[in-house]
Amino acid sequence: RDIQVPVHFWQGEDDGIVPPNHCPHQAALVPDGTITMVPGEGHFAGFTNLPDVLDVVDACWKAAPA
C-alpha cells in the first residue's frame, strides 16, 4: 500500500507454478497495480512477451515526472 511507482504484473494463464488467481490478487494489493494475463503462456510470460513488457516500461518512464 505504500508503493508510489507504477507496478504492472504479467502472468501466463497456463502458469503451472503460480495459481491463476494469485496475480490478480497481488495486483489488487498494489495501489493502481495493473495486470496482463497472457493466454497460452506459462510462468515466464513476462519474458516471452518482452516487447510488450518494454512498451509498458517505456510508457511509465515517459509519464514519470522529470
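**Briefing: a chain of three helices and two strands**

Residue D32 is found in the loop that lies between α1 (22-29) and β2 (34-38). The structure described here is a predicted model. Its chain holds 3 helices and 2 strands, and these follow the pattern β-α-β-α-α when read along the sequence. The points below take up the overall form, the strands, the loop residue D32, helix α3 and the aromatic residues.

**Overall form**

- The C-alpha trace of the chain spans about 40 × 25 × 15 Å along its principal axes.
- The chain has 66 residues, and 17% of them are buried.
- For a residue to count as buried, its relative accessible area must be under 20%.

**The strands and their connection**

- Strand β1, made up of residues 8-12, pairs with β2 in the parallel sense, and the pairing runs over 5 bridges.
- From β1 the chain passes through α1 to reach β2, and this β-α-β crossover is right-handed.
- Among the residues matched between the strands, H8 has T34 in β2 as its bridge partner.
- G12 stands opposite V38, which also belongs to β2.
- In a regular strand, side chains alternate between the two faces of the sheet.

**The loop residue D32**

- D32 has a positive phi of about 60 degrees, although this residue is not a glycine.
- The position of D32 is in the loop between α1 and β2.
- D32 has a relative accessibility of 74% and therefore counts as exposed, since the exposed class begins over 50%.

**The salt bridge in helix α3**

- A search of the whole structure finds 1 salt bridge.
- This contact joins the side chains of K62 and D58, with a distance of 2.9 Å from N to O.
- K62 and D58 both belong to helix α3 (residues 50-63); because they are 4 residues apart there, about one helical turn separates them.
- K62 is exposed, with a relative accessible area of 65%.
- D58 has a relative accessible area of 32% and is partly exposed.
- The value for D58 falls in the partly exposed class because that class lies between the buried limit of 20% and the exposed limit of 50%.

**The nonpolar surface patch**

- A nonpolar patch on the surface is formed by L50, L54, V57 and W61.
- Together, these four residues have about 420 Å² of accessible area.
- One of them, L54, lies in helix α3.
- L54 is partly exposed, its relative accessible area being 48%.
- Residues qualify for a patch if their relative accessible area is over 30%, so the 48% of L54 meets this requirement.

**The aromatic pair**

- The search of the whole structure finds 1 aromatic pair.
- F44 and F47 form this pair, with 6.0 Å from centre to centre and 45 degrees between the planes, an arrangement described as tilted.
- An angle counts as tilted if it is neither under 30 degrees, which would be stacked, nor over 60, which would be edge-to-face.
- Both F44 and F47 are exposed.

Methods: Residues numbered from 1 in each chain as written. Predicted model: local features only at pLDDT ≥ 70, side-chain atom pairs only at ≥ 80, totals over all residues. Heavy atoms only, no water. Buried < 20%, exposed > 50% of the residue type's maximum accessible area, 1.4 Å probe, protein only. Patch = residues over 30% accessible without salt bridge, like charges linked within 9 Å, V, L, I, M, F, W, Y side chains within 5 Å. Areas by Shrake-Rupley, 256 points an atom, 1.4 Å probe, with all protein chains shown as cover. Phe/Tyr/Trp six-rings, centres within 6.5 Å; stacked < 30°, edge-to-face > 60°. Pairing = 2+ DSSP bridges. Right-handed = clockwise from strand over helix to strand, strands pointing away.
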